[in-house]
Amino acid sequence: MSWQRETPTLRLVECDIDAPLLAFAKAQYAFRRRREQIFGLDIFAEPAWDMLLDLYIQRGERRAVSVHSLCIAAAVPATTALRWIGKLTELGLIERRRAASDARVVLLSLTEAGLETIERCLRSAVAGGLAAGVTKQGRQG
């Protein structure tokens, strides 16, 4: 199954993401996708984390995230992804809003609480040595 992402044409204005944390989040998300390909089995599923990572990355890249796009990023069936979107919304980690250009499109983003929590988690992982290959310039190497 291919997990190709749509490219939203909408852009976010704000970008308050720390470059090294963004690089680490990208590396984590990419590793999770490579791990699935290597094993070739559907044994790894943590859709909430994949969604939070994706929302963080897309915020850092100033891209809007549609419900459809986030379902793809979760790498699970759409019904499962939609349940997790509901749960993350209930927990106050993500929020929904209608796209200004098309009211049929629902966009998702991290709330301030969601942003603070994922950054705290990423900083903890970096401090624990999980991001040894991420340099201060925000690149792997």
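Which residues of H4 are buried? Let us walk toward that helix from the chain as a whole, keeping in mind that this is a predicted model.

Start with the overall layout. The chain has five helices and three strands, and along the sequence they come in the order α-α-β-α-α-β-β-α. Of its 141 residues, 44% count as buried. If you look at contacts in the chain with a separation of 6 or more, 65% of them are accounted for by residues 24 or more positions apart. On the outside, the chain exposes about 8300 Å², and 55% of that area is supplied by carbon and sulfur atoms.

Now find helix H4, residues 78–90. Its 13 residues should span 18 Å at 1.5 Å a residue, and its end C-alpha atoms are indeed 18 Å apart, so the two values agree. Here is the reply to our opening question: Thr80, Ala81, Ile85, Gly86 and Leu88 are the buried residues of H4. Their cover includes two helices, H2 (47–60) and H3 (67–74), along with two strands, S2 (94–98) and S3 (106–110). After H4 comes glycine 92, which has a positive phi, near 80°.

For a contrast, turn to the surface. Ile38, Phe39, Leu41 and Ile43 make a nonpolar surface patch of about 450 Å². One of these residues, phenylalanine 39, belongs to helix H1, which covers residues 19–39. Why does phenylalanine 39 count as partly exposed? Its relative accessibility is 47%, and partly exposed residues lie between the buried limit of under 20% and the exposed limit of over 50%.

Conventions: Residues numbered from 1 in each chain as written. Predicted model: local features only at pLDDT ≥ 70, side-chain atom pairs only at ≥ 80, totals over all residues. Heavy atoms only, no water. Patch = residues over 30% accessible without salt bridge, like charges linked within 9 Å, V, L, I, M, F, W, Y side chains within 5 Å. Areas by Shrake-Rupley, 256 points an atom, 1.4 Å probe, with all protein chains shown as cover. Salt bridge = Lys/Arg side-chain N within 4 Å of Asp/Glu carboxyl O. Helix = DSSP H or I, 4+ residues; strand = E, 2+ residues; numbered from the N terminus. Buried < 20%, exposed > 50% of the residue type's maximum accessible area, 1.4 Å probe, protein only. Expected span 1.5 Å × (residues − 1). Contact = heavy atoms within 4.5 Å.
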